[in-house]
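Here is a short tour of charged pairs and cysteines for you to follow on screen. Please have the viewer ready.

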Amino acid sequence: MVKRKREDASSKGLAAGEPLKRTAHAIIASSWGWVGSEASETAQITEEHLSATCGLSKRNTHPFCRNKFTKYPSKREQKKPRVPVNGEIDEDIIVISSDEEEDPTCVKRHCKNNPNCLNYLGQKKWEDEEDAREMFMGVANLGDNPAEDARDPDLPVGLKNLGATCYANASLQVWFRDITFRSGVYNCQPADADKFKDSPIFQLQVTFAALQESTQSVFNPTKLVESLELRTTEQQDAQEFSKLFMSHLDAEFKKQSNPALQSLITDQFQGKQVYGTICSQCRSVSARDTDFLEIEINFKNNAHLEDSIADLLQEESLSGDNQYRCSTCNSLQDATRYTELASLPPVLHFSLLRFVYDLASDERRKSKHAITFPLTLDMTRFLGNAVDRKSPSTQKTEDNLYELRGVLLHKGKSAYHGHYEAQVFDAANGSWFQFNDEIVTKIKKLGDKGLALNENGAKKEHEVIDVEAEENGSVSDARNKQRENARKRRRVDDSDDETPPAGSSKKSPVQQMVPDPQSRISSKDAYMLIYARKEPCSQRLDPPTPPPEALAVVETLNTAHEKACEDYAEKEKAVTARFAETRRKVLDIYQSWTVNPDEKNYVVLSSNALESWLEKHAIKAALAFDNPVHPQRVSIQDILCPHNLYHHNKAPGMKRITQEAYDKIVSETQCVFEPALSPNHICRSCVEETFLEKLYALEHPVHISKFDAVVQVDIDLESYWISKAWLKDWKLAKPKMHICTKGDRPPDFEEYKTHVRCEHDGLCLNSTNRIRISKAAAEFLRSLFPQWEPTSGDLEPCLICDGLKNMGAEDRIELRRHADEEKGKLKHMFDNALAGNISLLIDIPCALVPVDFLQAWREWLVRPTEKTRPGRIDTEVFFCDHGLLTVDPNCPNDLDGHLVVIQRSDWNELQTFYPAGPMIAVEKSDNSHYVHDIPVCADCRQQRKTDWTSTEITIRKGKRGSSPGDTGSSAPITYTNGARQSKRLRQAREAVVSVQITVTKSTTVKDMKVQLQKDLDIPTICQRLFYGKQELDDNAATVESLQILAHSVIDLREENEVHEISDSEEPPKKKGKRREEGGGFGGTVLGRSEHRSSSPPKAATVAPPTEKACGACTFVNPVDELTCNVCQEVL
């Protein structure tokens, strides 16, 4: 073992005069290091400075990384070969070297933001030819290759699941393997040729013909399902389907002229059993024969099939309260009841009763008991009467030996949900197969995993289920595996390999799986067992030939599939030819597009654009090269500013390539990058904004230092007052009041002005909010804020404020008297304003006043010595420049929170106390809109509702009200008459809860739901929001995108949480409520059959509705209500 020696770091140190670089810090410094030193104002910014902000200047520290995809001669090849020293041979020399040809500093993490590194844009996909081909074909989007759906010669054809038709697919796969039955279906002749092709029997012929002759791996049985009128979205019971379909076919076969065909169902599937009773007194026998198509088996856990059959034939003693009335004795007598199997059909079906009735839950449930069954079943000991069955002389006969030919499986825990599959022996292939709808897999071993037993009941680990597609894998995975196998077969078939030499072994397409006849299978999902009478090898039947009409349908499908394969192959061939040419061009471009340090002729693009060109646009252009109407346009918008120029803040996403490479991209790959910009198209406006902020960051600490040096106040010298809060904020490294590109707020800004000056523009009495500064400090601040007028430190406190503060008892009494006078004259408005009902204002002249004035006025009336009396009643803000209204008096959302309706007489009285105007006069008649003399300006009204930064919206829970702008029953804020409402209406209104939340235009629906979860304790999953008639179901949508206006009302409906279950899960049980059973096969061809079914279908009945929803608010009302209980809308 040879140890690698650590290299000496000194040998790779910095060259003389080379500066030490600190990656990110160095890059930032080189990009903006000129601020304050080379430029102190925007006019001094040069083109070199602009380039530096985007990392495109020589002063930037971005390294020029070597192109890893350019083929350079290695340093090892350039070195002279080492001459062995005396006594050495070549084999003794061990060369140890690190990968010197790789640039150790060029890694994806470090070079992600380097405009000079082009090594990590997706070139590796083009380097590997197979990866490049896969990417090229993906963009070409030729669709699914029909050849991948070609039938595997070693696998049978699957059936497409149309939704919930797995029960029918499993049964069809079992019946198809019965050669005699298949032959009978083929031989069925039409009674009415015109209608025959629409009949179930013809569609069954087509389905069987497709399973036999199709060249595709899956057949779609849509027409068969439609002819039977089955509902594809409803899961049905496979046993019931089997009985009803056999009954339907039996009726069709009996219409045929061929006697053998007339009795096909009877001869092939029907057996005979005897039910009898023996009187213990007179020994008379009462017996009757009954035909059966299947034997129903009750079983316990780990039961054997033979034991369950014996239990079925066990005699039953009738005695005590259960005595039998003997017709011979003419009295109740003890008796013995028995069941006998008189004869057995060639194909024997055992129906395993897995679905049992649970008395506790009053529902069906699925039994997961395991049952074991043999591959070969001897039925001799179950035939005849009890004496014959128990006789030791009973010998096995070949006529009563049955071989397992199929197992129908029900996967899932519930009796109401699940999935049907079939394991069937296919004589044509000599193997067992698992049929899972479209997925067909060869079974290596039978039974449930770990439950296979031998003849003595002991476990046999080798007899387990083991299909080629794992049971726990998804159907799509198994389907993809089949398609992959199809691709492999296609490659083998298309290759020009020589035939194998003589003597080489080749796997036969049909391999017999010869299991031990004595082995037993155990399963917890087996639902139906199919046994066939064992036949001598000489009597094996050849597959029958499908009828010409059915075969023609299948051949048409085969021809169409073959044509689709040929068309796809032609397109694939053309695309493959284009691929080789495109790959050559792309490799040539990106192997030579790296910019050198001295390169001046280059183009700046975004890394995303280059990645998109490599991954998509170059391929799309190549595919459309024959018809280049328009070149492929690649956007570089992600590195541009709002002015459509290069944005320095997006420099990490910029890459530069040589002009020559760019020209090749345009000319050879027919792609253009838009907009087309030159390297000097860097946005000066955006750079200036950042420049000012960086200059501020440099100058602000200097300003603070200068201010602190002169801020101290001498007692005898002139001083000035300044806001203490402003000064504290301004002295921060980054003041909170600082606004980007606009600088800091002046000391007399509205927020800080009241700290020094009172409302009368005098010195504020409260001195805790202000501080003295020297004259020099004030002059320094004046140089920074020229518009600021400092307040002299010699100014006396405001006399008016001092008078109010020191107001005497007489003055207080006078203010109280004045407030009481106003309140007495406007008592009606004081008592009823803001209450919320308009019933007192019908047919009375009214006016609108601002809510702000009304609230301030009420506060002053309550505390006249503490609150300031309001000034003017200003309604001018509700008028536009055209002299029209910007609010609609008939829109509650326009008035809510802004205006209040009062009587005209109250308005006239207010004018005697306050300056007011202009008046907005309105009047409302009974059940009509407000009438107003001044029209509404629609354009200005819309602008007022949309021109906002943040606003409050009302969330109303309990009903859906009228949409914004509607003239619904909702009313503006006004009076209430205090009338007593009915208990029903009061309860309905009490159920309505309103909350207000503050939103901005960027607030999303999800943000609103999260806030409502905090305010109303309603989970977000249970919230449904409505804006007018539009449901806000997109959680990512913003208030701006939804065009929600200011002060709008959004309605909230609370929904119950839905519990979703899968096919294999039991839904949650609700006590006291029995699960509704489905309609079965009612309404289908099988449900209308005249023949008796084991479970007759229920007649489909539609229950009359018991509830109806309100169209306005969606509240669910009893069906007999005439008006909505919540919004009083007529139903």
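Let's begin with Glu48, which is partly exposed at a relative accessible area of 36%. This is a predicted model. The side chain of Glu48 meets that of Arg59 in a salt bridge, with 3.9 Å from N to O. Glu48 sits in helix α2 (residues 47-53), while Arg59 belongs to the loop between α2 and α3 (75-78), eleven residues apart. Arg59 is partly exposed too, with a relative accessible area of 30%.

Two further pairs are worth a visit, and the table puts them beside the one above.

| Salt bridge | N to O distance |
|---|---|
| Glu48 and Arg59 | 3.9 Å |
| Lys254 and Asp250 | 3.3 Å |
| Lys664 and Asp588 | 3.0 Å |

Lys664 lies in helix α20 (residues 659-669) and Asp588 in helix α18 (residues 548-590), so their salt bridge ties together parts that are 76 residues apart in sequence. Asp588 is partly exposed, at 33% relative accessibility. In the pair of Lys254 and Asp250, the lysine is partly exposed at 48%, whereas Asp250 is buried at 11%.

Salt bridges also join up into a network, made of Glu814, Arg817, Glu821 and Lys825. The count for the structure comes to 30 salt bridges.

And the cysteines? A search of the whole structure finds zero disulfides. The sulfur of Cys329 has its closest cysteine sulfur in Cys282, but at 3.5 Å the two are too far apart for a bond, because a disulfide needs the sulfur atoms within 2.5 Å. Cys329 is partly exposed, with a relative accessible area of 25%, while Cys846 is buried at 1%.

Definitions and conventions. Residues are numbered from 1 along each chain as its sequence is written. This is a predicted model: local features need pLDDT of at least 70, side-chain atom pairs count only at pLDDT 80 or more; totals for chains, interfaces and linings use all residues. Side-chain values use heavy atoms; hydrogens and water are left out. Buried means under 20% relative accessible area, exposed over 50%, partly exposed in between (1.4 Å probe, protein chains only). A salt bridge is a side-chain nitrogen of Lys or Arg within 4 Å of a carboxyl oxygen of Asp or Glu. Helices (H or I, at least four residues) and strands (E, at least two) are DSSP runs, numbered from the N terminus.
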